[in-house]
Amino acid sequence: MGRSQAVPRDGSGSEEFGPGADDTGCTVLHVDMDAFYASVEIRRRPELRGKPVIVGGAGPRGVVSAASYEARKFGVRSAMPGSRAQRLCPHAVFLPPDFTAYTEASRAVMAIFRDVTPLVEPLSLDEAFLDVTGARKLLGRPAEIAALIRRRVAEEQRLTCSVGVAPTKFMAKLGSTRAKPDGVVVIPADRILDYLHPLPVSAVWGVGERTAETLRRLGLKTVGDLAAAPMGMLRSAVGDAAAAHLHELSRGRDPRRVTPEHVEKSIGAETTFDVDVSDLSIIRRTILALANKVAQRLRHAGQAGRTVSVKIRLADFQTLSRSRTIDIPTDVSREIFEIGWTLFRSARTGERIRLIGVRVEGLVHAEGAPRQMTLGERDHGWRDAERAADAVAARFGSGLVRPASLLRGDGMRPDGNGAAPAGGGAAESGTRHNGRT
């Protein structure tokens, strides 16, 4: 989708596109949680309500993962460098991302969606498409279903969401963007072009900054201009495939169906150091923390993987990767850590490190997956310990139980010897991202 800032936002849309508009044939909903990460943080810290909250790093390499609407009033946006966000809003409260909490909140919200219809296509933790064709007899008009979803999310999860109701996925996504925050926009089937054509070209899915600038040089500033442009002009400017794509979307045509099956191919986490590091004990502890994050997310998703990979970005931005495939799928942080550390050592970089990442691929359902048995292994081993730590985190909050080496900070020497165990325990909060890039 194009940049969401390109679409006007007015809470519930103008009256002609408000909840009372004709929703005949508008069976696609796009539900987008409002400032999701920030809202989850505020939900568990009510004293922050009404204050500018930024989720992400404020250091020299920090990046904004999410910002509350109070922070956005100062110009703070996601993906903005944290240092710039701090200058724009010096009194903002910065919080580190907790992706374990966001994943749990997402799972609860998605369960509400699936209560309404089995045809749910998640796009990320905080947004999804729904096909409500089969839910109309039981739950009413699409706009009424949108209201039901918003009410349940607010009452059951104490979060808000915005909903676009339209005949197609593309238009529903545009509608939810305009509905923010905490609103509904309905785009009637016979008003698609009225809604779409006044928008800037950057609102079209797939039009980034470069493409938008190319189109503007051709005098194509709005989606209506794009729809009226000769195909030959578009082909010469952006190529055959992109021209056909833009031609269809600029006319509101989008044949894509809501596809409920979303197969995650890999699960990973990475971190960027504030200062480039070469200290092996710091790198080792970081790999351990990342392995815990990945393993916990695997267990939450009910998955295990056969391939462990490590990404290493050097100070000069050169990126190296190493991977190893094992016979038995794993969701155990100790095993992921040991493989990851071995892979890192095999890279023999000897240079300062800017970023390190751990990823598990080749995912399968953990239920029924074979387990590696070791001669003399205890009845209850690392997997049981980690699942017990998951249960503690679910009840009392993430980060309460972690490997001793992460708590001590000096519990492991670079050679791996020391009093602290090499793995185990619950993951620290966060997966995939850490608010930095």
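**Exercise 1.** Which helix is the place of Thr 286? Work out too whether Thr 286 counts as buried or exposed, and find its partners.

*Solution.* Keep in mind that you're looking at a predicted model.

- Step 1: Look along residues 280–301, which form helix 13; Thr 286 sits in there.
- Step 2: Check the accessibility. Buried means under 20% relative accessible area. Thr 286 comes in at 13%, so it counts as buried.
- Step 3: Follow the side chain. From Thr 286 it reaches the backbone oxygen of Ile 282, at 2.8 Å.
- Step 4: Now skip the neighbours within four places in sequence. That leaves Thr 271, Phe 273 and Ile 356 in contact with Thr 286.

**Exercise 2.** Do the same for Ser 106: is this residue buried or exposed, and which backbone oxygen lies 2.7 Å from a polar atom of its side chain?

*Solution.*

- Step 1: Find Ser 106 in helix 4, which covers residues 99–116.
- Step 2: Its relative accessible area is 6%, and the cut-off for buried is under 20%, so Ser 106 is buried.
- Step 3: The backbone oxygen you want belongs to Leu 125.
- Step 4: Leu 125 turns up again in the contacts: not counting residues up to four places away in sequence, Ser 106 touches Leu 125 and Phe 36.

**Exercise 3.** Where does Ser 78 lie, and which residues is it in contact with, leaving aside neighbours within four places in sequence?

*Solution.*

- Step 1: Go to the loop between helix 2 (69–72) and helix 3 (82–88); Ser 78 is there.
- Step 2: With those neighbours set aside, Ser 78 is in contact with Val 64 and Ser 65.
- Step 3: For a distance, take Val 55, 23 residues away along the chain: its C-alpha atom and that of Ser 78 are 9.0 Å apart.

Methods:
Residues numbered from 1 in each chain as written. Predicted model: local features only at pLDDT ≥ 70, side-chain atom pairs only at ≥ 80, totals over all residues. Heavy atoms only, no water. Helix = DSSP H or I, 4+ residues; strand = E, 2+ residues; numbered from the N terminus. Buried < 20%, exposed > 50% of the residue type's maximum accessible area, 1.4 Å probe, protein only. Polar contact = N/O pair within 3.5 Å; in protein donor to acceptor, adjacent residues only side chain to side chain. Contact = heavy atoms within 4.5 Å.
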